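Student: I should like to discuss this structure step by step, beginning with its ligand. Please let each answer end on the item requested.

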Amino acid sequence: MPRTLKELHNDLTVKLTGVVEYPRREAELLLIAYLQKDQLYFISHQDTVLDEDEPRLLEWTERRVRNEPLEYLTNRVSFYSREFYIDEGALIPRPETELLIDAVLATVSTDTSLTFVEVGAGSGIISILLALHLPNARFIAVDISPRALDVARRNITDFGLDHRIELREGDLLSCVDEKIDFLVSNPPYIANDASLEHNLSYEPQNALFGGTVGDEIIQRLLDEVYARHIPIFACEMGYDQQIKVQEYLKTFAVQSLEFYKDLASFDRGFILKAHHE
Ligand SMILES: C[S@@+](CC[C@H](N)C(=O)[O-])C[C@H]1O[C@@H](n2cnc3c(N)ncnc32)[C@H](O)[C@@H]1O
């Protein structure tokens, strides 16, 4: 039965109530994405009649009722004021990762020609944003997941950066023989047995879980920094991992170690400048 946008919004809100935290807002976002319009259109076309039986809208609604993230339905995600392609092959970029980009950009000059290596590229957002801001730098982006690399490749091509960002499949730095000037990573850092919200079950599990304790991959990356004489390492981490990182680094020579926080004052990551003999 055809319905107005307003009626459809109310129906969707009811369906999402008890499933998501903000059902009315989520229903609005879903309809805006479905109609491929903006919020202004949504507000000003409340009485427009739509065909509710459109199969794709029904499918999206069912998937959203099962708590599947909106980004995987729409295949779009915003990050650092840009739009990226996303699907179930890669982690949905999180707003806190924008702080990692800021931390890196605060460390180098815009005309730097350093070689950056990113471990755990996922959708490619970190390397893409850095490549856009640092036009002379070179980027190698590694991921262990071929599906994530497919997502990254699509985004890199969309941004016209194929000649600047080289994608490689491998475990941490096993596929990188080149000298690395700057290592950057948002690695998986959640403990394997952590109980997570249901909606996270749709995301690639090897993008979330970092080992029995959670910080095993961060520690392996710190080992690489010293084994490979990498001068700078910027890394996102869990809010409770600062002390573990400091303790792990006690046996290594450190030039400087600075932690950064998110807007809620939780620790979110660090920039390590290593001291190499
Ligand atoms: C937390 S996600 C980060 C994705 C993306 N960089 C972002 O910030 O949204 C971690 C990524 O690391 C990848 N990964 C996990 N273990 C890895 C390993 N041993 N070597 C390389 N990549 C790995 C996962 O496939 C996943 O894409």
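**Ligand shell, sheet and helices**

Tutor: In this predicted model, 24 residues lie around the ligand, and those that come nearest are Gly-120, Gly-122, Ser-145, Asn-186 and Ala-207.

Student: Which elements give two or more residues to the shell around the ligand?

Tutor: A residue belongs to the shell if its C-beta atom, placed from the backbone, lies within 6 Å of the ligand. By composition the shell has 15 nonpolar, seven polar and two charged residues. The elements that supply two or more of its residues are α7 (125–133), β6 (138–143) and α9 (205–208).

Student: Which strands stand at the edges of the sheet?

Tutor: The open sheet is formed by seven strands with mixed pairing, in the order β7-β6-β5-β8-β11-β13-β12. From one strand to the next, the twist averages 15°. An edge strand has a single partner, so one of its sides is left without a neighbour in the sheet; this applies to β7 (165–169) and β12 (254–261).

Student: What is the bridge partner of Val-119 in β8?

Tutor: Strands β5 (residues 115–119) and β8 (residues 182–185) run parallel and are joined by four bridges. Within β8, the partner of Val-119 is Ser-185.

Student: What angle does the direction of helix α8 make with that of β7?

Tutor: Helix α8 (residues 146–158) packs on the sheet, where it touches β6 and β7. Its direction and that of β7 make an angle of about 170°.

Student: Is the crossing of α6 and α7 left-handed or right-handed?

Tutor: Helix α6 (residues 97–105) packs with α7 at an angle of about 35°, their axes being 10 Å apart. On α6 the contact is made by Thr-97, Leu-100, Ile-101, Val-104 and Leu-105, and on α7 by Ile-126, Leu-129, Leu-130 and His-133. These residues divide into seven nonpolar, two polar and no charged. The crossing of α6 and α7 is right-handed.

Student: What distance separates the centres of domain 1 and domain 2?

Tutor: The protein chain is divided into domain 1 (2–67) and domain 2 (89–274). Taken over C-alpha atoms, the separation of the centres of domain 1 and domain 2 is 36 Å.

Key: Residues are numbered from 1 along each chain as its sequence is written. This is a predicted model: local features need pLDDT of at least 70, side-chain atom pairs count only at pLDDT 80 or more; totals for chains, interfaces and linings use all residues. Domain bounds come from an automatic or database domain assignment. Ala, Val, Leu, Ile, Met, Phe, Trp, Tyr, Cys and Pro count as nonpolar, Asp, Glu, Lys and Arg as charged, and the others, Gly among them, as polar. Two strands pair if DSSP finds at least two bridges between them. Axes are lines fitted to C-alpha atoms, for helices over the stretch in contact, and angles run from 0 to 180 degrees between N-to-C directions. Two residues are in contact if their C-beta atoms, placed from the backbone, lie within 7 Å. A crossing is left-handed if the near helix is turned anticlockwise from the far one by less than a right angle, and right-handed if clockwise.
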